[in-house]
Amino acid sequence: MQQVEVVGDAPSWAMRLIRQTLADADVEDIQNPLQRVTVEWNNRPRYLHSDGLTYNDPKDVIVINAGGSHKDQVWVVLHECVHAIIGCGHGHDKWFFRYAYPLYLKAGITPAYFVWRDAYYVAALDVADEMGYTRITGRLRNMRERYLRNFRKYSKENAQVEDDMKGFKLVGKLVLPQGYPDV
Ligand SMILES: [Zn+2]
């Protein structure tokens with residue numbers, strides 16, 4: 001348990017999730033302990049998906065560009081928290097995903113969703129294999145070319161919601177791969 005001051009303009013559920021995740025950070029011997037994190041929250045409701053950016057240096061800043069899907073907002077908040085916790089020097093290596101996946105699971109995001117969302121990075125698939133999600137990684141490896149082609153749509157502001165929805169269905173506020181059992 002560490003004391004981390006989190007300031008910013010994210011919705012209260014997101015501020016709570018960030019505070020909790022950073023306070024619970026299971027990182028020992030860090031040379032630059034997390035002390036204060038500033039969150040900048042931008043809404044972009046025309047888009048389904050979110051993206052984010054985290055700076056560790058010189059100050060810790062998490063920027064969230066929030067799309068319309070609440071589930072995707074939770075995913076991006078946790079993804080950016082992991083950057084803040086383990087340090088940007090790790091990028092998206094296996095350590096990153098070994099830390100992130102249990103957090104996503106704890107927040108109730110399914111492996112089918114979060115592995116798909118992080119699958120741009122090969123290490124995300126490797127760690128998913130380690131966790132036994134081999135049916136998911138098999139499918140994502142088979143569709144790798146299409147995935148990479150469409151990745152900008154998943155992550156950048158150039159996609160309309162309808163573009164992003166091809167092959168996916170909206171259940172409540174959640175976006176799920178077609179064929180995924182209803183929740
Ligand atoms: Zn990232």
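1. A good place to start is with the contacts. Among those in the chain with a separation of 6 or more, 51% are between residues 24 or more positions apart. Please keep in mind as you read on that this is a predicted model.

2. Now the overall make-up. The chain has 183 residues, and 36% of them count as buried. Eight helices and six strands are present. Read from the N terminus, the elements follow the order β-α-β-β-β-α-α-α-α-α-α-α-β-β.

3. The sheet deserves a careful look. Four strands make up an open sheet, ordered β1-β2-β4-β3, and the pairing is mixed. β1 and β3 are the edge strands, each pairing on one side only. From one strand to the next, the twist averages 15 degrees. Helix α1 packs on this sheet and touches β1 and β2, with its direction at about 155 degrees to that of β1.

4. Next come the parallel pairs. Strand β1, residues 5-8, runs parallel to β2 and is joined to β2 by four bridges. Within that pair, E5 stands opposite R36 of β2. β2 is also parallel to β4, here with seven bridges. Two positions let you check the register by eye: V37 has D60 in β4 as its bridge partner, and W41 has I64 in β4.

5. The antiparallel part of the sheet is the β3 and β4 pair. Strand β4 covers residues 60-66, and five bridges link β4 to β3 in the antiparallel sense. The two strands are connected by a hairpin of four residues. If you want a landmark here, Y55 stands opposite V61 in β4.

6. Which residues of β3 lie on the covered face, and which on the uncovered one? In this strand, residues 51-55, G52 and T54 are on the covered face, while D51, L53 and Y55 are on the uncovered one. As background, side chains in a regular strand alternate between the two faces of the sheet.

7. R44 is worth a stop on the way from β2 to β3. This residue is found in the loop between β2 (36-43) and β3. Is R44 buried, partly exposed or exposed? R44 has 14 other C-beta atoms within 10 Å, so it counts as partly exposed; a buried residue would need 20 or more, and an exposed one would have 12 or fewer. Along the chain R44 and I64 are 20 residues apart, and their C-alpha atoms are separated by 10.0 Å. I64 is the β4 residue that partners W41.

8. Moving to the helices, I would single out α3, residues 94-106. Why does its length agree with expectation? At 1.5 Å a residue, a helix of 13 residues should span 18 Å, and the end C-alpha atoms of α3 are 19 Å apart, so the two agree. The expected span uses one less than the number of residues.

9. Helix α3 also has a buried side to inspect. Its buried residues are F96, F97, Y99, A100, Y101, L103 and Y104. Against which helices do the buried residues of α3 pack? Their partners are α1 (12-23), α2 (70-86), α4 (111-118) and α5 (122-130). Helix α1 therefore appears twice in this note, as a partner of α3 and as the helix packed on the sheet, touching β1 and β2.

10. One last backbone detail: G108, just after α3, takes a positive phi of about 90 degrees.

Terms used: Residues are numbered from 1 along each chain as its sequence is written. This is a predicted model: local features need pLDDT of at least 70, side-chain atom pairs count only at pLDDT 80 or more; totals for chains, interfaces and linings use all residues. Two residues are in contact if their C-beta atoms, placed from the backbone, lie within 7 Å. Two strands pair if DSSP finds at least two bridges between them. Axes are lines fitted to C-alpha atoms, for helices over the stretch in contact, and angles run from 0 to 180 degrees between N-to-C directions.
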